[in-house]
Amino acid sequence: MRCEDIHGHADFRRLSSIEGIAVDLRYAGTDNFVGRDMYGTLDCAWLHRLAAAGIERAVARLAREAPGHRLLILDALRPHRVQVVLWDHLDGTDLRQYVADPARGSIHSFGMALDATLLDPQGRELDMGSGFDEMTPMSHPKLEARHLAEGTLTPAQHANRLLLRNALLHSGFNGIDNEWWHFDMLDREHVRAHFTRVD
């Protein structure tokens, strides 16, 4: 299915239909690792309905655990054609661990993954110790214990990551080892085998 055909498709929901979140799709602007607008005229403000329902659960959990805080969605549906461009941009570097190989397919391209951070009650992004799309070991959840011990990640920054992570993990999402901002809904191989990829 092409991205241009997603409007009105029963399996997908607009991000604007999810109450209690903020949206700033970084690949629809220049604030991303490529440094240019990757979406252009493509409407990528969508998620699969299962992922959207997970976001609603996360919003409810945040309201209980940290009143006034909101999820900020940084990326959601990412068409396969854009994934190819991101992969090619990192050709010849050691950074491809941060971008899914299009030959296998990014879970973003099924609308079953999102990138997110948190806003405080004043609307400011919480300090996570590294930025979105920062392709360094500081972004790796699996290395947080080491970063805490070394003092390169502060307890406050770690607490912010845990607040984001717990809201999403308790709502049906799975995190990954090398990006604090990325979360998948369901098992990746199951999604690739049974869900519709958006091209």
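# A walk through the sheet and its helices

Aspartate 133 is found in the loop between strand 5 and helix 3 (144-150). This is a predicted model, and aspartate 133 is a good place to enter it. The residue has a positive phi of about 65°, although it is not a glycine. Is aspartate 133 buried or exposed? Its relative accessibility is 12%, so it counts as buried, the cut-off being under 20%.

A second residue invites the same look. Leucine 186 also is not a glycine, yet its phi is positive, at about 70°. It is found in the loop between strand 7 and helix 5 (188-194). Leucine 186 has a relative accessible area of 30% and is therefore partly exposed. The bounds for that label are 20% and 50%.

Now step back to the whole chain. The protein chain holds five helices and seven strands. Read from the N terminus, the elements run β-β-β-α-β-α-β-α-α-β-β-α. Five strands form an open sheet. Their order across the sheet is 2-4-5-7-6, and the pairing is mixed. Which strands lie at the edges? They are strand 2 (21-23) and strand 6 (173-175), and each pairs on one side only. From one strand to the next, the twist averages 40°.

Strand 5 deserves a slower look. It covers residues 113-119. On one side, strand 5 pairs with strand 4 in the antiparallel sense, over five bridges. Here arginine 70 stands opposite leucine 119 in strand 5. Strand 5 also pairs with strand 7 (residues 182-185), again in the antiparallel sense, over three bridges. In this pairing, aspartate 115 stands opposite histidine 182 in strand 7.

Helices pack on this sheet. Helix 1 (residues 49-65) touches strand 2, strand 4 (70-75), strand 5, strand 6 and strand 7. The direction of helix 1 makes about 150° with that of strand 4. Helix 4 (residues 155-169) packs on the sheet too. It touches strand 4, strand 5, strand 6 and strand 7. The direction of helix 4 makes about 135° with that of strand 5.

Why is strand 5 described as largely enclosed by the rest of the structure? Seven of its seven residues are buried, so the description follows from the count. In a regular strand, side chains alternate between the two faces of the sheet. In strand 5, both faces are covered. Ala113, Asp115, Thr117 and Leu119 are buried on one side. Leu114, Ala116 and Leu118 are buried on the other. Leu119 is the residue opposite arginine 70, and Asp115 is the one opposite histidine 182.

Finish with the overall form. The C-alpha trace spans about 45 × 40 × 30 Å along its principal axes. How does the radius of gyration fit a compact globule? With 199 residues, such a globule would have a radius near 16 Å; the protein chain has 16 Å, so the two agree. Of the 199 residues, 51% count as buried. The accessible surface comes to about 9,000 Å², and 49% of it belongs to carbon and sulfur atoms. Contacts also reach across the sequence. Among those between residues at least 6 apart, 73% join residues at least 24 apart.

Key:
Residues are numbered from 1 along each chain as its sequence is written. This is a predicted model: local features need pLDDT of at least 70, side-chain atom pairs count only at pLDDT 80 or more; totals for chains, interfaces and linings use all residues. Side-chain values use heavy atoms; hydrogens and water are left out. Two strands pair if DSSP finds at least two bridges between them. Helices (H or I, at least four residues) and strands (E, at least two) are DSSP runs, numbered from the N terminus. Axes are lines fitted to C-alpha atoms, for helices over the stretch in contact, and angles run from 0 to 180 degrees between N-to-C directions. Contact means heavy atoms within 4.5 Å. The radius of gyration is taken over C-alpha atoms; the globule rule is 2.2 Å times the number of residues to the power 0.38. Buried means under 20% relative accessible area, exposed over 50%, partly exposed in between (1.4 Å probe, protein chains only). Accessible areas come from the Shrake-Rupley method with a 1.4 Å probe; for residues, only the protein chains shown count as cover.
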